[in-house]
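Subject: A structure for you to explore

Hello,

I am passing a protein structure on to you, along with some notes on what turned up in it. Please have a look at it first, and then read on.

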Amino acid sequence: MPRVLRSALMCVLALAATATWGGGQDAPQISHRWASWFSSHDVQTDTKAEAAAPYQVNLAPTFYTAPVALASVRSLTPDTARTQGFLGSATWLKGMFSTEMEVAANQEESDTLVSGLPAQAGPHPSARMMRFGFTGSSGPLRYGMTYRDAGQAFYNAPDQALREMWGEWKQGAIGLRTAIGRQWNNLGGDPTRSRVEQTYQRIGLSWNTPAWPNLSLTYQQNMLRSALDPIGVAPQRSGSHTIEAALGYTGVSWTARLASSYGFSADLIRPGAKSRVQTETLTASFRPLTTLTIAPTLGYRVERQDWSGVRTDQPSASLTLHYRQSRWLLISAMGNYSSMRSSDHLVDLENIGGKGMLAWELEPVRDWTPLLSLEAGYNLQVNRLLPSTQTEDLSGLLRLVLARL
């Protein structure tokens with residue numbers, strides 16, 4: 001079956017040549033100036049290209065601020081963890097073809113940069129990122145290619161490289177999307193760390209009609225292997241196949257999605273070491289008020305090892321709440337629970353956690369816009385088999401941030 005799917009994938013991709021890197025969206029909480037403090041979007045830009053002319057070229061600054069880590073003050077990201085760059089985009093033939101290219105680097109406020117280089121020497125290569133994308137469309141067909149390289153010291157998704165080609169076809173309510181790609185880490189070739197490379201192939205069929213539930217069926221194949229393995233580190237080589245079916249519905253003030261997946265994986269270094277995984281996930285989002293969003297999630301994962309007969313159960317649940325009283329005040333809270341138990345009684349773990357934040361954007365003072373936030377986090381990890389290894393963490397943080405208008 002993988003050969004048939006691979007042939008179908010290559011046929012769709014053969015209709016196209018190359019495609020775009022998806023950009024981020026502006027966060028809705030508080031103002032645009034402070035949105036990046038409480039979001040995890042990859043890129044935030046000031047403008048977007050519109051295909052109103054036969055061709056159009058735009059150049060816009062981009063920025064990214066690492067999201068605040070609420071779980072523990074000890075793991076808090078420094079306030080200086082910011083990146084800045086430029087995004088160039090162009091469209092031709094009224095949007096039939098488009099390209100994007102972005103270059104970015106860490107923004108340092110000290111006199112030195114990564115690896116102790118002087119500021120006037122420019123950012124160190126490990127603190128830079130570059131990405132490129134090209135997209136084309138012809139009737140119901142769209143296709144493209146993405147490229148991204150980020151150094152080990154880059155703040156946003158560091159030490160990762162990605163190459164992907166994709167194509168999609170849509171006619172009425174039916175859509176077909178396929179992709180093939182490769183990603184890896186340890187771009188600098190550090191001999192003390194392994195380089196993990198992953199190749200994947202994906203094909204999905206969807207049906208979406210207004211006022212009706214939407215359906216999707218997706219198949220994915222992954223191959224993982226390690227390279228540059230240092231002495232004492234075991235090499236990795238594995239393969240997996242996964243098929244997922246999902247049913248979703250969008251109402252006036254709520255959305256819900258139920259997904260079920262089944263797959264099997266094999267360790268290619270140890271013959272016979274196979275396992276089967278089944279996952280059920282229910283996600284929903286409710287907006288009883290325009291200023292309030294409630295998002296619960298339920299999940300259950302079961303893994304069975306063919307070679308040992310051991311079964312591992314992993315139930316999980318979480319609840320997220322966002323309340324925006326006005327553009328000046330934001331309240332956010334999240335709680336989660338998960339556990340892991342094996343049938344051979346060698347694993348029995350539980351995890352309970354929670355995060356909360358109360359943020360105010362204060363009135364501007366001369367050339368400054370202040371932001372005040374009160375943040376807290378709690379995490380409890382329990383090992384039923386070894387109670388002495390239980391860990392509990394409670395942290396709080398009062399943050400005052402100043403930014404120029």
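Below are the overall picture, one stretch of paired strands, and two residues to look up.

Please keep in mind that this is a predicted model. The protein chain contains one helix and 19 strands. It has 405 residues, and 33% of them count as buried. The exposed surface of the chain comes to about 23,100 Å², with carbon and sulfur atoms supplying 61% of that area. If you take the contacts in the chain with a separation of 6 or more, 50% of them come from residues 24 or more positions apart.

Now for the paired strands. A good place to begin is strand E7, which covers residues 160-171. On one side of the pairing story is strand E6 (residues 141-150), which runs antiparallel to E7 and is joined to E7 by 10 bridges. Within this pair, Arg148 has Leu162 of E7 as its bridge partner. E7 also pairs with strand E8 (residues 174-185), again in the antiparallel sense, over 12 bridges. There you can find Arg163 standing opposite Arg182 in E8. How many residues lie between E7 and E8 in their hairpin? There are two, and Gly172 in this turn has a positive phi of about 65°.

Next, please find Ser373, which sits in strand E18 (residues 368-383). Is Ser373 buried or exposed? Ser373 counts as buried because its relative accessibility is 1%, and the cut-off for buried is under 20%. The side chain of Ser373 makes a polar contact of 2.6 Å with the side chain of Glu375. Setting aside neighbours within four places in sequence, Ser373 is also in contact with Leu358, Ala359, Leu397, Leu398 and Arg399.

The other residue to look up is Asn336, in strand E16 (residues 329-342). With a relative accessible area of 24%, Asn336 is partly exposed. Which residues does Asn336 touch, if those up to four places away in sequence are not counted? They are Ala317, Ser318, Asn351, Ile352, Gly353 and Gly354. You could also locate Leu298: this residue is 38 residues from Asn336 along the chain, and their C-alpha atoms are separated by 9.9 Å.

Enjoy exploring, and do write back with any questions.

Best wishes

Note on methods:
Residues numbered from 1 in each chain as written. Predicted model: local features only at pLDDT ≥ 70, side-chain atom pairs only at ≥ 80, totals over all residues. Heavy atoms only, no water. Helix = DSSP H or I, 4+ residues; strand = E, 2+ residues; numbered from the N terminus. Buried < 20%, exposed > 50% of the residue type's maximum accessible area, 1.4 Å probe, protein only. Contact = heavy atoms within 4.5 Å. Areas by Shrake-Rupley, 256 points an atom, 1.4 Å probe, with all protein chains shown as cover. Polar contact = N/O pair within 3.5 Å; in protein donor to acceptor, adjacent residues only side chain to side chain. Pairing = 2+ DSSP bridges.
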